[in-house]
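I am keeping notes on what I looked up in this structure. The entries follow the order in which I checked things.

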Amino acid sequence: ATPAHLSQLVMRLRLVLLSRDEQLTQRRADAGEPLELDGAEAVGTLRRAAAEALALEEADVRLVDYFQERRHGALSDMSATLDGARLCDGQHVLVEHMHSGEWPEAEQAEEIDDLFGGAGAGWGAIETAAGSSSPAGSAAAAEEGGPLDGSGGVPEHSGKVGLSNLGNTCFMASMLQSLAAVAPLREYFTSGAYERELNAENRDGTQGQLARSYAALMRQMWFGPSSVVSPREFKLVLGRHAPQFLGYSQHDSHELCNFVVDALHEDVNRVRKKPYVENFEASGEPDGTIAKQVLQRHRQREDSQVSDLVQGLFKSQVICPVCEKVSITMDPYKSISLPLGAAGMRVVHATLRRADGSMRRLSLSLERSGTIEALLSEAADQVGLPRGRLVACEVFEHKVYSRPHLGRT
């Protein structure tokens, strides 16, 4: 059964119509928005809604999963839920129309992307196509489906794969590639060892769904036959349990990483019933003793292979200005945000213009965090002029645009 909190997720599905009826090429449905249906609704409900939106007889309509404008299979089980059929919010659904007793031919699939602007067309009016220009071919051909793991060639070696973009999901791809590079964590899931510790009853987790989906994705990335993998199923499960990541908008990669790591931890948490545990109050003990006590208490509630591999302690120290008492606390964390350093050098190209109008091209070697003052000093040394004789100007379209502040980087 679908959990109650999942049945509230609304899917917006965009329809693409394929028919042999050439008159349909001249007509667009009145609906200017995608169909909106609850994820717990049946595929049969989707077919009825699609037929109604397109003013067609329901018996003359069949549906094909057309995620990312590729055929993935016929939606033939009318009792299956939209969630169960693996449909995603915002994707396309191909509606094939039987005209004069004949379904569209498979050969009509070749020009589908040109018909409605490809994957970047966005949501809008329901599109139609007919004749030699058609979306996706027959449902019989669709049952063969396109490979859900992508369309690339054989990877050069295990793990050297790319993740296909499901919209603006590069933030998710970068996070997944980073986690996939943590070998002990990856092997825990790809080996199936995690299954022995699945905690489907943990209300703080995803009932094991995200762990299973993540494990399947890692196996595809490291042992699959394709150099391009689609994280579609993972994205679908993620959206079910973290509505903030529904749809295909950009999000913060670190925020997603925190959620995924926490959810994976809870899905394989060895603690089945979390007890109440009081915080440890340090009273002058060495840091090692404090850390040991904090972790022992923490593991009474949070104990998993994930936390064993990716967990540390933040130490904070507060000194009372009145009594000078020192208070030390240590808090567990699974990830930390660090700024990217600006170390190293770079070459900056500048033009020296003298008072007589002559010009000289300069290549200045500066620190990446160097300032305008440093640029002028380097230029003065290179051309043998006093620093005080030089000023910096920004030039735009052959005109002086501004004079940057000397402290600007």
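I started with the largest nonpolar core of this predicted model. That core has 41 residues, and Phe189, Tyr214, Phe234 and Leu238 touch the most other members. I then listed the elements that give two or more residues to this core: helix 4, helix 5, helix 6, helix 7 and helix 8. Apart from it I found another core, of 21 residues, which includes Leu13, Leu17, Leu35 and Val93.

Next I picked one residue to follow. Which residues is Tyr214 in contact with, leaving aside neighbours within four places in sequence? I noted Leu176, Leu179, Ala180, Leu185, Phe189, Phe234 and Leu264.

I turned to helix 4, which spans residues 170-180. Its buried residues are Phe171, Met172, Ala173, Met175, Leu176, Leu179 and Ala180. I looked for what covers them and wrote down strand 7 (162-163), helix 5 (183-190), helix 6 (209-223), helix 7 (232-241) and helix 8 (253-267) as part of the cover.

Then I went to the surface. Phe314, Ile336 and Leu338 form a nonpolar patch there, with about 290 Å² of accessible area together. Phe314 lies in strand 9, residues 312-319. Is Phe314 buried or partly exposed? I entered it as partly exposed, because its relative accessibility is 38%.

Last, I noted totals. The protein has 409 residues, and 41% of them count as buried. I recorded 11 helices and 14 strands. Among contacts between residues at least 6 apart in sequence, 68% join residues at least 24 apart. The protein exposes about 22200 Å², with carbon and sulfur atoms supplying 49% of it.

Conventions: Residues are numbered from 1 along each chain as its sequence is written. This is a predicted model: local features need pLDDT of at least 70, side-chain atom pairs count only at pLDDT 80 or more; totals for chains, interfaces and linings use all residues. Side-chain values use heavy atoms; hydrogens and water are left out. Patches are made of residues with over 30% relative accessible area and no salt bridge: like charges are joined within 9 Å, nonpolar side chains (Val, Leu, Ile, Met, Phe, Trp, Tyr) within 5 Å. Accessible areas come from the Shrake-Rupley method with a 1.4 Å probe; for residues, only the protein chains shown count as cover. A salt bridge is a side-chain nitrogen of Lys or Arg within 4 Å of a carboxyl oxygen of Asp or Glu. Helices (H or I, at least four residues) and strands (E, at least two) are DSSP runs, numbered from the N terminus. Buried means under 20% relative accessible area, exposed over 50%, partly exposed in between (1.4 Å probe, protein chains only). Contact means heavy atoms within 4.5 Å. A nonpolar core is a set of buried Ala, Val, Leu, Ile, Met, Phe, Trp, Tyr and Cys residues joined through side-chain atoms within 4.5 Å.
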